[in-house]
Amino acid sequence: MLGSYASAASAELTPVKLQLKWHHQFQFAGYYAALEQGYYRDAGLDVTLLEAQAGKDPIRTVLSGEAQFGVGTSELMLNAYHGDPVVVLAAIMQHSPLALAVLKTSGISNIHQLASQALMIEPNSSELFAYFKNEGIQTERLKLVPHSLQTQDLLEGRVKGMSVYSTDETFGFDSNGIEYTLFSPSMSGIDFYGDNLFTTQTLFDRNPELVARFRQASLDGWKYAMRHPDEMVELILSKYTQRKSPAHLRYEAQKMYELMRPELVEIGYINPGRWQHIAYTYHQLGLLPEQFDAQGMLYQPDNKYAYEKLQQQFYWALGILLLVMLLAAIFYRQYHLANVRRKQFETLFLNAPISLLEIDQNGRIHNWNKEAENIFQYASDDVLGRNVFDLLVPSEHSKDIDDLVSSAWKGKKITHSENINVRKDGQTLLCKWANMPIETVDKDATHVICMARDITHEKAMEEQLYQAANFDELTGLPNRALVMSLLKEALADAKRHHTQLAVLFIDLNEFKPINDTYGHLVGDEVLRQSAARIRQTLRENDLVGRLSGDEFLVVIKDLDDADTLPSVIDKLQQAIQMPIEIEKRLLHISASIGTSFYPQHADEVQKLIRIADQAMYKVKSALKQRK
């Protein structure tokens with residue numbers, strides 16, 4: 001890695017400044033690491049870090065030229081729309097840490113209860129306002145007071161809700177045993193990036209290589225920091241600030257790791273489609289036009305240094321189809337050259353960094369390169385002359401793959417597929433294939449060059465990302481964002497087919513005393529078992545998801561008669577009320593369940609949920625009065 005900066009390191013260091021968005025803390029550990037490990041120096045840069053100052057906008061500091069780079073929120077998009085020449089270089093946190101905190105003692109368990117309460121929401125928090133809007137709450141009616149940046153105002157009851165960073169302020173709650181609830185915009189499908197590294201279009205146009213070197217060195221710093229959090233905590237305390245305790249900094253590091261997910265997503269990754277979705281969220285708030293194009297504000301390297309880095313990432317990490325097609329064109333040309341070029345082709349074939357095998361129309365293998373040996377574990381001498389379908393393809397898929405390859409040489413076209421293959425040791429792989437027909441040297445027969453790329457790990461990572469984004473980690477149920485999406489689909493189907501559906505809002509009773517008495521581990525197990533019982537009680541085509549805490553949402557589809565719903569609720573109550581045995585203790589819990597119907601009550605998702613939520617609170621209030 002350091003070798004890639006060699007040319008820059010040999011020159012005189014270029015001074016640049018990075019404007020942070022807050023005071024020194026673990027939130028900026030990657031930049032400290034880039035300084036300490038010499039990544040900036042090896043990139044030819046002399047970097048100065050600037051702390052945020054009260055009353056001074058970090059974005060304006062960069063736009064005015066006082067700093068060349070900065071750290072900002074996703075509201076950089078609004079700056080771009082208003083004509084500020086900002087360029088987002090990297091998203092450090094894949095998910096924003098911004099959330100609304102309320103105390104458990106307030107009795108507030110859903111976002112709608114905050115609509116009439118005093119709230120502190122810090123500036124540049126448009127994602128929170130989008131959250132309210134998504135939940136059908138008119139933001140202009142919120143009772144907002146200036147944010148003091150002191151959680152004591154929440155603890156002493158001066159406000160009922162306060163915007164906080166889940167990486168920071170919640171440490172004080174957790175370390176002091178203060179129970180609280182976080183309302184995150186992601187609960188309503190609003191998922192902004194957090195801490196975006198940015199610069200100006202002017203600097204990028206004038207010196208794109210400097211921007212590329214600074215960006216790469218910063219990302220290398222972040223990779224180091226997230227692998228060595230304890231080392232970074234010591235560095236922060238010794239060189240930058242002692243404002244926070246070691247425990248607080250370690251807490252911040254862990255929470256940032258959960259938002260960055262560096263084991264799943266490359267640090268700094270930017271998804272243009274997701275930025276476009278953020279733009280649409282701003283449009284719903286009336287801050288952007290509907291057709292705003294976010295692509296223009298995102299980093300698009302156009303210099304040799306960045307291009308080579310991008311090529312390397314595509315080639316070795318992704319190996320995308322474009323490269324396969326390029327190799328296909330090369331091999332196709334080689335096969336049509338004179339015999340004097342045959343040796344050159346064979347060298348290229350054998351040493352290509354992708355699995356290549358040459359087969360005839362009967363599937364017999366004529367050539368097998370080194371990468372094919374590595375992936376499928378067969379030496380070339382072991383496979384030449386053998387049938388490729390018997391060797392690599394499970395018997396149940398053999399005919400389909402045979403037909404696909406045959407269509408390549410019959411139709412004289414390249415065919416593509418993804419299919420399961422079997423290695424020599426019996427392990428299965430998922431491979432992406434491209435099959436290209438070629439003429440042999442004597443032109444009497446047609447062979448097929450088959451190119452394979454092992455995408456087993458890639459698909460597993462895609463599945464992990466999908467699970468992390470759409471399913472609740474504790475219960476395995478769809479999370480709020482997914483169940484809301486599924487409810488929208490179910491409602492659309494009901495409208496299309498003129499059927500009824502019911503929405504059930506479930507809130508567990510007696511859960512807080514169990515959590516307080518036996519601890520969060522026991523509480524988590526209660527939630528897991530309760531979720532499983534709800535799922536098992538429902539029909540296969542009904543939906544259930546976890547909203548937050550001990551709240552669940554159930555959708556009963558294709559409801560023939562609303563009068564049958566009480567029996568469903570009764571079964572759910574019976575299942576939930578069955579004793580739960582944990583650590584040889586028998587625990588008891590029940591549920592308050594509110595309902596709404598389509599089309600009788602409403603024909604919109606948010607209204608159906610709101611009616612069910614209100615009905616649930618009437619049930620819970622009646623239960624408290626009976627006690």
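This report walks through the overall make-up, the nonpolar cores and the salt bridges of one protein.

Keep in mind that you're looking at a predicted model. The protein has 627 residues, and buried ones make up 49% of them. Its secondary structure comes to 26 helices and 21 strands. If you take the contacts with a separation of 6 or more, 69% of them join residues 24 or more positions apart. As for the outside, the accessible surface comes to about 30100 Å², and carbon and sulfur atoms account for 50% of that.

**Inside the protein**

Let's start with the largest nonpolar core, which has 47 residues. Which of its members touch the most other members? They are Leu18, Phe26, Tyr31 and Trp222. Helix H10, covering residues 208-227, gives the most to this core, with 10 residues.

Phe26 is a good one to click on. Setting aside its neighbours within four places in sequence, Phe26 is in contact with several residues, including Trp222, Ala225, Met226, Pro229 and Met232. Glu252 is also one of the contacts of Phe26, and Glu252 will come up again below.

There's also a second, separate core, this one with 40 residues. Val86, Leu128, Ala130 and Tyr131 are among them.

**Salt bridges**

Side chains of opposite charge can pair when their charged atoms come close. In this model, the count comes to 26 salt bridges. Here are three of them, with the N to O distance for each:

| Salt bridge | N to O distance |
|---|---|
| Lys244 and Glu252 | 3.4 Å |
| Glu462 and Lys459 | 3.8 Å |
| Asp542 and Arg539 | 2.8 Å |

Now, are the two partners Lys244 and Glu252 buried or exposed? Both are buried. So here's Glu252 again, a residue that touches Phe26 and also forms a salt bridge with Lys244.

The Asp542 and Arg539 pair is a mixed case: Asp542 is buried, with a relative accessible area of 3%, whereas Arg539 is partly exposed at 38%.

Glu462 and Lys459 both sit in helix H21, which spans residues 456-470. Because they are 3 residues apart in that helix, about one helical turn separates them. Glu462 counts as partly exposed because its relative accessibility is 40%, and Lys459 counts as partly exposed too, at 30%. This pair also belongs to a network of salt bridges that links Glu418, Lys432, Lys459 and Glu462.

Terms used:
Residues numbered from 1 in each chain as written. Predicted model: local features only at pLDDT ≥ 70, side-chain atom pairs only at ≥ 80, totals over all residues. Heavy atoms only, no water. Salt bridge = Lys/Arg side-chain N within 4 Å of Asp/Glu carboxyl O. Buried < 20%, exposed > 50% of the residue type's maximum accessible area, 1.4 Å probe, protein only. Helix = DSSP H or I, 4+ residues; strand = E, 2+ residues; numbered from the N terminus. Core = buried A, V, L, I, M, F, W, Y, C linked by side-chain atoms within 4.5 Å. Contact = heavy atoms within 4.5 Å. Areas by Shrake-Rupley, 256 points an atom, 1.4 Å probe, with all protein chains shown as cover.
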